[in-house]
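Reader: I would like a close look at a single part of this structure, taken slowly and with its surroundings included. Please keep to what can be read from the model itself.

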Amino acid sequence: MPSDPPNLSSDALIEIDHVTFGYDTSRTILSDISLRFARGKVTSILGSSGCGKTTLLRLIGGVHAANAGTVRFAGEVVNAQDKELLFRMRRRMGVLFQFGALFTDLSVFENVAFPLREQTDLSEPMIRDIVLMKLNAVGLRGAAPLRISEVSGGMARRIALARAIALDPELIMYDEPFAGLDLISMGVAANLIRTLNDVTGSTSLVISHDVPECMSISDHVVLMATGGRIVAQGAPKELMDSSDPEVRQFVRGEPDGPVKFHYPAAPIAQDFGVEAGAAP
Amino acid sequence: MTNPLTLLGQRALRVLRSFGHAAFFFVDILRAVPEAMRRFGLVVAQIHAIGNLSLIIILASGMAVGFVLALQMYYALVTYGAAESLGLVVNLSLVRELGPVVTGLLFAGRAGTSLTAEIGLMKAGEQLAAMEMMAIDPKARVLAPRFVAGIVSMPILAILFSAIGILGAYVVAVLLIGVDAGNFWSIMQSRVDVWRDVGNGIVKSAVFGVICTFVALYQGHETEATPEGVAYATTRTVVMSSLSILAVDFILTALMFSTP
């Protein structure tokens, strides 16, 4: 039963209990999913595009409410309707968006300072020190005065990471942190996720479809498939060694298998107006 | 085949739903205004972006309208020997109608499109979603300051439009055509009522400020997060703001100036 919650730890930071979700009644994105994410660990959710990974992240952040089931963060039910409770929870979360979502009218420094200015009453010298420390942690202290238009995609992702950890959150969620990055930037990003998790003692949740990077930094991996199903989960090595055809196809990047290469279509002979087996 | 009556009903429901959605959005922004006022620096920055940066087009247009208005009115009035009324006609036309309406239309084109594109691109770049996830309400941090700035800027711009228009009319009528300067100014002093004419003009422009800014923010916030979506949203801002201004202007004029 792939949907059964794993016994990772009795001290789970996030508990997803029989959650079903769809944006409308005609299409189910997540189907009766149960998961637990242990505190202090890096958990990756892998799956092909459109399988509901980002939707799961949004449910944890309370952007959407589940149609059925409950999502709990640190023991409290995430209720998308209760804005006050939601904002209190979100102050304990940091999110790295797919393309950084940096504020383009602010400098690198001001982007990282933004949550500190908005959420705390810290003095200006204190904010300056924290911002430079966070930028130093991602290797970009020297880029503090730059404008966002002056930084590369990889740097933008690291600045967004510095902003996500500005308030030392308990949970850091990464939405496709490796998408569109070159190999060096990808290695830097993967290394940062692991290091920050270990140094700050936070819990990390990585949504991605980059198998090698996620396998190298994760303590636990969840594999999702189209229709919001959980195909498998476990330690990275368990998944890499799995004999399940669906898992093998995904982790090895095989073009055809249980997930078909061709989108469902009429028989090819019908589309080209020839009878199957007829001589040319 | 779907019944035409069903289609009509579906469309009507969709329109009603969108009105309801816009009404809730408006109430949400109003509720966020006190928070925006507490951080007045954000409002001031937006008054600069929306108001100051619109000054050139407003002043240039005001001057041009004043020139043309003086010329046309002079040709019309001189036929009936009423050229001495030129100052009054120009003033009333500007402060009652042309000032608020033309400024509103220009404001929708200059500041409204800029607001829609800015908010739409912030949405497309997930900046608004990022704020939400940082437990910061984008309506209070981004939308409400722009809304207040729009309402504050519009009447000031309309006053400046009318003032520069009157000066433009003075240049054409008095300096170029030779209408008597004393007559040009004194008839304004004696016949233009500060509250009824100027005051109502300012009220009109404030109402147009609410309409333009709200439409621009709503279109930006509800835009589809694609380049085409942002393009359509900016177009809708100009069209909807302009039509709303013209419709509301008629209603306000009927209410304000129905008695002689």
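In which helix is the place of B:Val90? And what lies around it?

Author: The model is a predicted one, and what follows should be read in that light. B:Val90 has its place in helix α4 of chain B. The residue counts as buried because 28 other C-beta atoms lie within 10 Å of its own, where 20 or more are required. Leaving aside residues up to four places away in sequence, B:Val90 touches B:Leu69, B:Ala70 and B:Met73, and also B:Ile166 and B:Ala169. By contrast, B:Leu128, which is 38 residues from B:Val90 in sequence, is 46 Å from it in space, C-alpha to C-alpha.

Several of these names return when one turns to the packing of helices. Two packed helices are described by the angle between their axes and the distance between the axes. For α3(B), which covers residues 55–79, and α4(B), the angle is about 145° and the axes are 10 Å apart, and the crossing in which α3(B) passes α4(B) is right-handed. On the α3(B) side the contact is made by B:Ile57, B:Ile58, B:Ser61, B:Val65, B:Leu69, B:Ala70, B:Met73, B:Tyr74 and B:Leu77, while α4(B) contributes B:Leu86, B:Val89, B:Val90, B:Ser93, B:Leu98, B:Val102, B:Thr103, B:Leu106 and B:Arg110. Sorted by class, this contact has 14 nonpolar residues, three polar ones and one charged one. B:Val90 is thus among the contact residues of α4(B), and B:Leu69, B:Ala70 and B:Met73, which it touches, are among those of α3(B).

Helix α4(B), residues 86–124, also has a part in covering another helix, since the buried residues of α9(B) are covered by elements that include α4(B) and α8(B), the latter being residues 194–222. The buried residues in question are B:Val230, B:Ala233, B:Thr234, B:Thr237, B:Ser241 and B:Ile245. As for the form of α9(B), its 30 residues, 227–256, should span 44 Å at 1.5 Å a residue, and the 42 Å between its end C-alpha atoms agrees with that.

A helix of chain A can be set beside this one. The 18 residues of α6(A), 183–200, should span 26 Å by the 1.5 Å rule, and the end C-alpha atoms are 25 Å apart, which agrees. Its buried residues are A:Ala189, A:Ala190, A:Leu192, A:Ile193, A:Leu196 and A:Asn197; seen down the axis of α6(A), they fall within an arc of 155°, so they line one face of the helix. On the other side, A:Leu183, A:Ile184, A:Asp198 and A:Val199 are exposed.

Technical notes: Residues are numbered from 1 along each chain as its sequence is written. Chains are lettered from A and ligands numbered from 1 in the order in which they are written. This is a predicted model: local features need pLDDT of at least 70, side-chain atom pairs count only at pLDDT 80 or more; totals for chains, interfaces and linings use all residues. Helices (H or I, at least four residues) and strands (E, at least two) are DSSP runs, numbered from the N terminus. The expected span of a helix is 1.5 Å times one less than its number of residues. A residue is buried if 20 or more other C-beta atoms lie within 10 Å of its own, exposed if 12 or fewer, and partly exposed in between; C-beta atoms are placed from the backbone. Two residues are in contact if their C-beta atoms, placed from the backbone, lie within 7 Å. Axes are lines fitted to C-alpha atoms, for helices over the stretch in contact, and angles run from 0 to 180 degrees between N-to-C directions. A crossing is left-handed if the near helix is turned anticlockwise from the far one by less than a right angle, and right-handed if clockwise. Ala, Val, Leu, Ile, Met, Phe, Trp, Tyr, Cys and Pro count as nonpolar, Asp, Glu, Lys and Arg as charged, and the others, Gly among them, as polar. The arc is that of the directions from the helix axis to the C-beta atoms.
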